Amino acid sequence: MKLLARVVLVSCLILTFATPALSQDDVVLRIMHWTSSMSSESEWWNAILDGFVEMHPGVTIENNFVPFPQYLPTLESMIAGEELPDVFFGHVKAAELGRGGLSVNYSEVMDEEFLGQFYEGPTRQFTFDGQIYAIPWTAQMFGIFVNPAIMEELGLEPAETWDDLIAMAPTINDAGYIPVAWGNSAMNVCPDFVLPIITQFGGDVWALDDLSDPDVSWDSEPVVQALALLQDLAMNGVFMPGINGVSEAQGAQIFYQGRSAMFYGGSWYPGIIVNEAPEELAANYYVAKNPALTADDIHWSGNGSGEGWVTKANSENTELALELVKYLMSPEIYSQHITETQNMPSMEAGLEFVENEIVREMTSWLTTDGANHILFGQGSWDGISGVCASILDGSITPEDGAAEIQANVLAARAR
Amino acid sequence: MTVSSVRPKSEDLWMTQLKKFLLPAAFLFPAGFFLAAFIAVPMIQAILLGFQRWNGIEPATWVGLRNYENLLQDKVFWQSMGNVVYYTVATTVFQTTIPLLIANILNSGLRGSTAFRFLYFLPVIISLTITGLLWRMIYEPNFGVLNEILRSLGLRDWTQLWLADRNLVIPCIIAVSIWQSLGFFMMIFFAAMQGIPQDLYESASIDGANVWHRFRFITIPMLRSTMTVVIVLNTIGGIRAFDQIWVMTTGGPNHASETLGTYLYRTAFGALGSSNPHLGYATAIAIVILVFSLIFSIIQIRVGQVNEVEL
């Protein structure tokens, strides 16, 4: 027993002295995001981070890439465990974190010149109660990607209105193609599709998400009309059969393989199409705005920003983390980011570095046709995503669906 | 020699008792410590969290039985519960009977039995996530392999929407579960069959018992304890079903394939575009899963013990 005790004691002492001592100047900044092109293997991203480290001796940056499907659960766990990174994509937690005082309120710490450089839509995405809680790293915009060969073969032009789209669906279906491909098996794309249509019918999606105005509710007329239009599109063969059993990636593949005339997707797809679609399609496809209710209406389509930098508040590293955010958004660094990724820039100054014509075109819609498609309110997303699936397969009427969303959101908020 | 000189002193007795206790305690301490730290304490915390309201950001507040009361009024919870019962009963029945029958056939001296055992076991070594993704592709309604095969066989009318059809989605998932687990349970039965004395079969044959009689009156009674294990494993697996379903359908369409496991995950962590966790509420669901698993396991083990066949 004595021998055992001695061994344990000596082991403890060795472990204690073997631990490298950190000097007081050593600071580790932890960043977290879901962008695969910014993983630790990315040379351009490492060079950007190294640049910051060189400017701040003694600072080390820990770069954490978490794939998107795992990102939200990871972030939720970190919040619950009080282990937030210093700078990270806030996802749909941006509002709660900001309101809860866990993340920095950029409206208080950044000047107007800095905050004013971004497009309105992406900034609006992260503005709650007039305060900005995330800085948009990229912007996004949805549209209809078109296979020109199929449309030419059938003598069709992209639809200006939803009625036009419904009218051309039989022609496309009869030729053996799917009119508009997309997938909803994860139930996350349908809300992207239908929320801007609520805006087209005059609804205020921000107010619906907030639900604090007694005159606004999910069972109101614009929501019912949007759901009715979605059901019309589905029942008239605009989408593929069994869309709820098709994943987003499968929807994209159907488009790449020339099985659909069009594909509904976000502005990040041009970067994917270049790598995944056949060369001919990648070289010739083009993008059209979402159809509108009438030819003269605005073609409201989902915009905003998914990737927004949030800074952890009240930590020893907060000041340094804010410097990192400013550094990342500085013209020299931001231009590198856009040049390398060809993502949609969140500020006009980034547009000159976008070479992809499709992304450039979609960026121009940000200021004219952008509508909210990301929900932050308690129960909102779950409420609409479930009903959306039922609308698509025709198992619920638009009126009942709208009422179900309202009931589910209220139930979630009462829990 | 006096009596007192033989009797050990009370101090020595105390030391002997102490050593008798200390040594086992010293050996048990590391395992006990880790069990307490990583299982007992979190479990107690989870039970307490089931009585609290907590979104992970604001401090948790004590709400008593409110989470459980809300569960009773939650339509999605009851839908999930119904799906779990459906899934558990079906998988338990099929994942017990089919492997048993196949193990019996392979045990009957069938030529190539080793190769068949290998083939049946192959899906077991593939991760549930990978098989989920694979079968999601197979079930794809437009260009998936299953519908393509049906079309090429001239059975166009048999094509289905599979995972997109709210009536077919759970049977589709059950089929995948059977395919995946068949080899595992078959091997358990096959191994147990090796322990049944051949004399019993020979005696029965002499008495005129046919194949069915030997299976019904010898194999099944002799495998009763093994069957209990298989049934318990299947029941627990059914009640806590999550990974394959999450990968294949994320509980959709509109909760049609939602189970307690997927609903727990959705409530705790949100879906792809969702947020706003109810960690206390989710923990209440977890406790329900725990209680159900415990009750069914105890019942099945007791039933298995009652019917145990002794040689």
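Two residues are in contact if their C-beta atoms, placed from the backbone, lie within 7 Å. The exercises below use this predicted model.

**Exercise 1. The contact between chains A and B**

Task: State how many residues each chain gives to the contact, and describe the side that belongs to chain A.

Solution. Begin with the counts: chain A gives 42 residues and chain B gives 33 residues. Next, assign the chain A side to its elements. Those that give two or more residues are helix H3 (68-80), helix H4 (94-99), helix H13 (248-256) and helix H19 (380-393) of chain A. H19(A) gives the most, with eight residues. Last, sort the chain A side by class: 21 residues are nonpolar, 14 are polar and seven are charged.

**Exercise 2. The two domains of chain A**

Task: Give the bounds of the two domains of chain A, then describe the side of domain 1 that touches domain 2.

Solution. The domain assignment gives domain 1 as 26-139 + 305-360 and domain 2 as 140-304 + 378-414. The C-alpha centres of these two domains of chain A are 29 Å apart. For the contact, 13 residues of domain 1 of chain A meet nine residues of domain 2 of chain A. On the domain 1 side, helix H7 (120-125) and helix H18 (357-369) of chain A each supply at least two residues. The largest share, three residues, is that of H7(A). By class, this side of domain 1 has five nonpolar, eight polar and no charged residues.

**Exercise 3. Strand S7 of chain A**

Task: Find the strands with which S7(A) pairs, and decide whether S7(A) is enclosed or open.

Solution. Take the partners one at a time.

- S9(A), residues 260-266, pairs with S7(A) in the antiparallel sense over five bridges. Within this pairing, A:Ile144 has A:Tyr264 as its bridge partner.
- S10(A), residues 286-288, runs antiparallel to S7(A) and is joined to it by three bridges. Here the partner of A:Phe145 is A:Val287.
- S11(A), residues 301-304, is also antiparallel to S7(A), with two bridges. A:Gln140 is bridged to A:Gly304.

Then consider burial. Seven of the seven residues of S7(A), residues 140-146, are buried, so the strand is largely enclosed by the rest of the structure.

**Exercise 4. Helix H11 of chain B**

Task: Compare the expected span of H11(B) with the distance between its end C-alpha atoms, and locate its buried residues around the axis.

Solution. H11(B) covers residues 224-239, and at 1.5 Å a residue its 16 residues should span 22 Å. The end C-alpha atoms are 22 Å apart, which agrees with the expected value. The buried residues are B:Met227, B:Val230, B:Ile231, B:Asn234, B:Thr235, B:Gly238 and B:Ile239. Seen down the axis of H11(B), they fall within an arc of 160°, so they line one face of the helix.

**Exercise 5. Backbone exceptions**

Task: Place A:Asp129, B:Thr250 and B:Pro253 in their loops and describe the backbone at each.

Solution. Start from the usual case: most residues other than glycine have a negative phi, and most peptide bonds are trans.

A:Asp129 is not a glycine, yet its phi is positive, about 55°. This residue lies in the loop between strand S4 (127-128) and strand S5 (131-132) of chain A. A:Asp129 has 11 other C-beta atoms within 10 Å; a residue with 12 or fewer counts as exposed, so A:Asp129 is exposed.

B:Thr250 also has a positive phi, near 50°, and lies in the loop between H12 and H13 of chain B. With 22 other C-beta atoms within 10 Å, B:Thr250 meets the cut-off of 20 or more and is therefore buried.

B:Pro253 is found in the loop between helix H12 (243-249) and helix H13 (260-269) of chain B. The peptide bond joining B:Gly252 and B:Pro253 is cis, with omega about -5°.

Methods. Residues are numbered from 1 along each chain as its sequence is written. Chains are lettered from A and ligands numbered from 1 in the order in which they are written. This is a predicted model: local features need pLDDT of at least 70, side-chain atom pairs count only at pLDDT 80 or more; totals for chains, interfaces and linings use all residues. Helices (H or I, at least four residues) and strands (E, at least two) are DSSP runs, numbered from the N terminus. Two strands pair if DSSP finds at least two bridges between them. Ala, Val, Leu, Ile, Met, Phe, Trp, Tyr, Cys and Pro count as nonpolar, Asp, Glu, Lys and Arg as charged, and the others, Gly among them, as polar. The expected span of a helix is 1.5 Å times one less than its number of residues. The arc is that of the directions from the helix axis to the C-beta atoms. Domain bounds come from an automatic or database domain assignment.
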